[in-house]
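Visitor: I would like to go through this chain with you, from its surface to its interior and then to its charged pairs. Could we begin once the model is in view?

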Amino acid sequence: HLLHPQTSPPAMFTRSACLAAVAASAAAFQPTLRSGAPAKVNQRATCAVSMSAQNNAKVAVAGLAALPLIVGGADANALTSKDINNLTYEEVKGTGIANRCPEVASNGEDIILQQNTKYKITDLCLEPKSFQIETEVQKKRGESRREFVDTKLVTRATYSLAGVEGPLFYDKDGSLTFQEKEGLDYAATTVQLPGGERVPFFFTIKELVAKATAPKGISPGTEFGGTFTVPSYRSGLFLDPKGRGATTGYDMAQALPAFEADGNEGQAELFKENNKVFQVTDGSLEFAVNKVDGQTGEFSGVFVSEQLSDTDMGSKAPKKVLVKGIVYGKVSTAAGDEGY
C-alpha cells in the first residue's frame, strides 16, 4: 500500500568482504567479555552510533533525562539485513554475527503511514553495546555517591533480542503506537562490576508499549518511548542451593530452634531467604530512528533502556541497569492473520 514495493537495498559488503570485516573486527561489536580489560567508571558512556539525518539539521537524542545517550560517528562495519541473510550457517557459526542486529545502509525515503491503516513491525532487533549498573562509588574525602558504572560482560554473545514483532497503529490520541507481542524478547544476562560482584538480570522488552509523535510516518529523528514488563529472573520451580523454592522444595533450611533464636533483626533476613516470590517489575525504553528506507520499510537507530536486576526471588535488593545499543526493525502493512 503506502509502503513502496519491497526491493533489496544494495549490499554494503560482498560476501568475502563481509567475512573479512567480521573476522577483523568481531570484538568491536561486543561489550567487554570475561577475558577483556577491567571496566572503568564512566557516567557518560557513549554508544558510537550516528543519529545524524542526511540533509536534516535535527538531531534525535534517545536517552533518559538524567543519563543522556551521547552519539558518535557512524559504524563503518555495520551489516545490512541483506549482508546477514546472504551468509550460510557455516559462515555465521562462531563469528558472533548471530548476535548482531542489521542496520540500514543509508537514508532513503521516509516510511509514510496512514492513520486509518493497520501496520506491524517485524524483525525488531536490539543489540546492546554497553551495560551499566547503578552502585555506590567512592569519591574524594571519603564521600560516596550513586553512579552508573561500566561493567564487564560475563554472558556469552547471546544477549541481543531478535525477531520481535507487534502491531503498529495510530492511537486515539493521534500518537503512533507500537505494542510488543512476540519474538525472542528476553535474554538472561550477567555482568560484573569493577569490584568483582556479578549482577544477573533479564534484558527484555516484554509487553512494551512505545509511542511516538509522528503524524506522517517514520523518518530520521522519530523517537519512540514507553514502558515494558520485567519478569522474575527465576521461575517458581527453581530451587536454591538449600532446596528452597517458591512452588516446590523445602519451606525453610534452618532448624526451628535456630529460626527462633533471634527474635529481632535476624528474622527479616531469614524470612526473605525462605519466602521465595515471583517478582515482576517495570522498565522503560526509548529509541530514536536515524536511518530509514521507505522502499523496504526498514529503519535503524539507537536505544537506551532502564530496568531492575534480579532479586534472587525476593532475598536481595535489585540494582538499576542501564543498557544502550542499536535498534533495527521493519514496517509493513498488517495482513490480518498475525494473531494479535
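Visitor: What share of the accessible surface of the chain belongs to carbon and sulfur atoms?

Guide: This is a predicted model, in which local features need pLDDT of at least 70 and side-chain atom pairs count only at pLDDT 80 or more, while totals for chains, interfaces and linings use all residues. Residues are numbered from 1 along each chain as its sequence is written, and side-chain values use heavy atoms, with hydrogens and water left out. Accessible areas come from the Shrake-Rupley method with a 1.4 Å probe, and for residues only the protein chains shown count as cover. The accessible surface of the chain comes to about 17200 Å², and the share belonging to carbon and sulfur atoms is 51%.

Visitor: Which strand gives the largest share of the largest nonpolar core?

Guide: A nonpolar core is a set of buried Ala, Val, Leu, Ile, Met, Phe, Trp, Tyr and Cys residues joined through side-chain atoms within 4.5 Å, where buried means under 20% relative accessible area, exposed over 50% and partly exposed in between (1.4 Å probe, protein chains only). The largest such core has 44 residues, and among the members that touch the most others are Leu-113, Leu-124 and Phe-299. Helices (H or I, at least four residues) and strands (E, at least two) are DSSP runs, numbered from the N terminus; the largest share of this core, 7 residues, comes from strand E2 (residues 119–138).

Visitor: How many degrees lie between the planes of Phe-203 and Phe-303?

Guide: Rings of Phe, Tyr and Trp (its six-membered ring) pair if their centres lie within 6.5 Å, and planes under 30 degrees apart count as stacked, over 60 as edge-to-face and the rest as tilted. Phe-203 in strand E9 (residues 198–204) and Phe-303 in strand E14 (residues 298–308) are 100 residues apart, and Phe-203 is buried at 0% relative accessibility, as Phe-303 is with a relative accessible area of 0%. Their pair is stacked, with 6.3 Å from centre to centre and an angle between the planes of 20 degrees.

Visitor: Why is the pair of Phe-224 and Phe-287 stacked?

Guide: Phe-224 and Phe-287 are both buried, and they link strand E12 (residues 223–230) with strand E13 (residues 281–293) across 63 residues. The ring centres of Phe-224 and Phe-287 are 4.9 Å apart, and the pair is stacked because the planes stand at 15 degrees.

Visitor: Is Glu-147 buried or exposed?

Guide: A salt bridge is a side-chain nitrogen of Lys or Arg within 4 Å of a carboxyl oxygen of Asp or Glu, and the structure holds 13 of them. Glu-147 meets Arg-145 in one of these, at 2.8 Å from N to O. Whereas Arg-145 counts as partly exposed at 47% relative accessibility, Glu-147, with a relative accessible area of 5%, is buried.

Visitor: What is the distance between the closest N and O atoms of Asp-173 and Lys-211?

Guide: Lys-211 in strand E10 (residues 206–212) also forms a salt bridge with Asp-171, at 3.1 Å, and because Asp-171 lies in the loop between strand E5 (161–170) and strand E6 (176–179), that pair ties together parts that are 40 residues apart in sequence. Asp-173 lies in the loop between E5 and E6 too, 38 residues from Lys-211, and is exposed, with a relative accessible area of 54%. In the salt bridge of Asp-173 with Lys-211, the closest N and O atoms are separated by 3.7 Å.
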